[in-house]
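Biologist: I would like to learn how to read a model like this one. Please show it to me first.

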Amino acid sequence: MLAKRIIPCLDIKDGRTVKGVNFINLRDAGDPVELGQIYADKGADELVFLDITATVEKRKTLVELVKKVAKNINIPFTVGGGIGSIEDVDALLNAGADKISINSAAVRNPNLINDLALEFGSQCVVLGLDTNIIENEWRVVTHGGRKPTPLKTLAWAKEAQERGAGEILLTSMQGDGTKQGFSIDITAQISTHLDIPVIASGGAGTMEHFKTVFQEGKADAALAASIFHFHEIEIQDLKQYLKQENIAIRL
Amino acid sequence: MQLAIIDYNAGNVQSVLFALERLGIKGILTNDIDTIKNADKVIFPGVGEASTAMNYLKKYNLEDVLPNLTQPFLGICLGMQLMCKHSDENDTDCLGIFDLNVTKFPTHTDNQKFKVPQIGWNQLENPKSPLFKNIKEGDYAYFVHSFYVPKNDFSIANSTHSLEYCAALHRDNFYATQFHPEKSAKVGAQILKNFIEL
């Protein structure tokens, strides 16, 4: 049986791992390659690296980092942050990334999803979808949650699937950095209405939150950052707990 | 040992090279026919879409070379699917090493929904072959695919995602895995090591 995935997310700035509360107030949590390797050894099912300062001049640094990660780590990983073109994706996949995640660029130019799916296959195209409740409905937000868009979350997720996205990384700004739990309703809605897997993100604070997002949120994977980086929850303990709760987990 | 990795513009070959490197083997990335023929072992990776990949194989004149190789040969993911006779993915005629048809996963059974593509760690059922030395029933491997090879007489491991499907194939010198050993942590490293030691 296909296991639910636990995915630590490493936010990268200038080659270092950082994680902020609601994406502001960044704290330093170490070297990404070393952290990634530790997580892989502890049983992480996958890793996500989000370059939160992806600027043109930094892109080369990111490609080098991706190469180092691929060299050292024997589980799959996704790279996101500032990816906007086929050339960007080509460089990252060639460096050894398994998947790339596109976010704001896809909102600006939805055809990018089609282009990437056609060129590299849906399996490596993850749509990063940041969402928040705006005027009483779930809408898509961009730029780390600062910019609201008129797009409705479910409609955009469906469109992305039709255009060829292979997976949705759904980050709820309601939850992000709060440790109050994942946003179960929107996660369940998207997972139920789509055929492609959904990674839930934003709000993980306790082991129970993971159980709830898998059982009630119907998530295929759950992502978290600071609780893992600062050892508030150890991945092995979390996976043991979920297994005991009868959730399909790889131990 | 000369280990050739077939280079035909089909995805994440770097990861295969790195995984071999971690086992102390330096693979040669190549589409040169003589290099491939003379290699001690051949790995045929692949990520992406079947018809595009077949076109690249044809472009490099590998279409008739690969099925006639005699050294241990390991297809991975799309590589495994291309070793079959036909894929429903854009109605593609493939290499025909295995007389099998590749078809798309259903997204529903009568009462349950299944995500397609299947992305993630799934369990190996009944693994049997020297390729799976030290691999246990229920060990997890990493899969990413929308199309699958049905269970068949050449299956050396199966797995289940809405239905029981073929996770690995073997006939003569030809081996193939639907999962990615290069991304399957310790289990995958063991399988690659087994292949190297065949």
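Biologist: What pLDDT does chain B average?

Modeller: pLDDT is the predictor's confidence in each residue, from 0 to 100. Chain B averages 95, and 100% of its residues score at least 70. The model has ipTM 0.93 and pTM 0.94. This is a predicted model: local features need pLDDT of at least 70, side-chain atom pairs count only at pLDDT 80 or more, and totals for chains, interfaces and linings use all residues. Residues are numbered from 1 along each chain as its sequence is written, while chains are lettered from A and ligands numbered from 1 in the order in which they are written.

Biologist: How many helices and strands does chain A have?

Modeller: Helices (H or I, at least four residues) and strands (E, at least two) are DSSP runs, numbered from the N terminus. Chain A has 10 helices and 12 strands. Its radius of gyration (over C-alpha atoms) is 16 Å. The globule rule, 2.2 Å times the number of residues to the power 0.38, gives 18 Å for 251 residues, so chain A is as compact as a globular protein of that length.

Biologist: How many residues does each chain give to the contact?

Modeller: Two residues are in contact if their C-beta atoms, placed from the backbone, lie within 7 Å. Chain A gives 28 residues and chain B gives 28 residues. On the side of chain A that touches chain B, α3(A) gives the most, with three residues.

Biologist: Which residues does A:I100 touch?

Modeller: Leaving out residues up to four places away in sequence, its partners include A:V79, A:L92 and A:C124.
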